[in-house]
Amino acid sequence: YQIVIDSMELAGEGALLALLEKTKARLKAEGLFDRPRQRWPYIPRVIGVVTSPTGAVIRDILHRLADRFPSHVLVWPVLVQGPGSAEQVAAAVNGFSAMQGVDRPDLVIVARGGGSIEDLWGFNEEVVGRAVAACTIPIISAVGHETDTTLCDHAADVRAPTPTAAAEMAVPVRTELLAGLQSYGARSLRCVQRYRERAGEKLDNATRRLPTPETLLGPQSQRVDELSDRLKRGLSHVVAEARGELAQAAGALRPAMLTQRL
C-alpha cells in the first residue's frame, strides 16, 4: 500500500499550542505585552477577584488574605472553562476597570486552578488577553499551576504561580508590619532618649565652663557700694551747705528790722 500525504496538521493539544503561539506572536508584534507594568498600593484597600464563586480557588485566596492581611474583597463570578468562559472573564476585567467610586479595586486577581490546556483554554483567548492588557487596574494572573502559562499571564502586570501565591503577593503580612512598627517605635524612643542624654551632657559641660554669679556680679557690686558711699557723702555735704545758708538768712530776719520797715 502507498499513502500520499498532501498536508499535515497538529491535532489535539499540539494544535492548541500552535494556535496559542500564533496568537501570542501576533499580539506581541502589536506591542500588547510591552506596555509599562502597573504597580498597586502596598496595602490595597479593595481587591477584585475574577474566578468561579465555587471551588477551592476562591476559598484559598480568601483564606490566605485573611491570614496575612484581612482585606475587602469583591468577587466577580465567571465560568473558568468551557464555552463562554473567555467572554465572561473579559467582561469581568472590563467591568472592574470601568468601576468608579470607593468600591473600585486597587488590584485585580484573575485566578483559576490547574488543568489541561483544554481546561485553561478560555484564558488563552485573544479577547481575554486584550481585556487584561487594557485594564487600568493592576492585574495579577494566577491561572493554573506553576508550569502552566497562558495568554492572560503574558498580558497581566504580574504572573503568580498559583492563586495562593497571588494572594501572598497582593498584601503584606499584618503581624510583621505591626512588629516592624513596634521595632521602629522602640528605636525612635531610644534615639530620643540618647539625644536627650547627650544634650544634657553638653549642657552640663557648658554650665561648668560658665563663671559663677559671684564672679560675674562682684565688680558691679563693689562699684555700687562705692557709688552708694559717694552718694551719702555728697548728700551730707549738700545738707550742711544748705543749713549754713539757712542760718545766715535767718540771722538777717530780726523783728526790729521788720517793725522799722513797716
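The following paragraphs describe the sheet, the helices and the nonpolar cores of a predicted model. In this model, local features need pLDDT of at least 70 and side-chain atom pairs count only at pLDDT 80 or more, whereas totals for chains, interfaces and linings use all residues. Residues are numbered from 1 along each chain as its sequence is written, and side-chain values use heavy atoms, with hydrogens and water left out.

Helices (H or I, at least four residues) and strands (E, at least two) are taken as DSSP runs and numbered from the N terminus. An open sheet is formed by 5 strands in the order E2-E1-E3-E4-E5, with parallel pairing, two strands being counted as paired if DSSP finds at least two bridges between them. E2 and E5 stand at the edges with a single partner strand each, so one side of each lacks a neighbour in the sheet. E1 (46-51) and E2 (72-77) are joined by 6 bridges, and within this pairing Gly48 has Leu74 as its bridge partner, while Val50 is partnered by Trp76. E1 is also joined to E3 by 4 parallel bridges, with Val49 standing opposite Ile109. E3 and E4 pair in parallel over 5 bridges, Val110 being placed opposite Ser141. The chain passes from E3 through H4 to E4 in a right-handed β-α-β crossover, and a right-handed β-α-β unit is likewise made by E1, helix H2 (residues 56-68) and E2; a crossover is right-handed if, with the strands pointing away from the viewer, the path from the first strand over the helix to the second runs clockwise. Finally, 2 bridges join E4 to the parallel strand E5 (residues 158-159), where Arg159 stands opposite Ser141.

Burial (under 20% relative accessible area, with exposed over 50% and partly exposed in between, for a 1.4 Å probe and protein chains only) extends to both faces of E1 and of E4. In E1, Val46, Gly48 and Val50 are buried on one side and Ile47, Val49 and Thr51 on the other; in E4, the buried residues are Ile139, Ser141 and Val143 on one side and Ile140 and Ala142 on the other. The buried residues of H3 include Val89, Val93 and Phe96, and the elements that cover the buried residues of this helix include E1, E2, E3, H4 and E4. The 14 residues of H3 should span 20 Å at 1.5 Å a residue (1.5 Å times one less than the number of residues), which agrees with end C-alpha atoms 20 Å apart.

A nonpolar core is a set of buried Ala, Val, Leu, Ile, Met, Phe, Trp, Tyr and Cys residues joined through side-chain atoms within 4.5 Å. The largest such core has 33 residues, and those with the most contacts inside it are Val50, Val110, Val132 and Ile139. Helices H1 (13-29), H3 (85-98), H4 (126-134) and H5 (151-155), together with strands E3 (107-112) and E4 (139-143), each supply at least two residues of this core, with H3 giving the most, at 6 residues. A second, separate core of 20 residues includes Trp40, Ile47, Ala165 and Ala167. Beyond its neighbours within four places in sequence, Ile139 is in contact (heavy atoms within 4.5 Å) with residues including Val93, Val108, Val110 and Val132.

Asp153, located in helix H5, is buried with a relative accessible area of 6%. The side chains of Asp153 and Ser141 are joined by a polar contact of 2.4 Å, a polar contact being a pair of N or O atoms within 3.5 Å of which, within protein, one must be able to donate a hydrogen and the other to accept it, residues adjacent in sequence counting only if both atoms are side-chain atoms. Outside its neighbours within four places in sequence, Asp153 is in contact with Ser141, Val143, Asp148 and Arg159.
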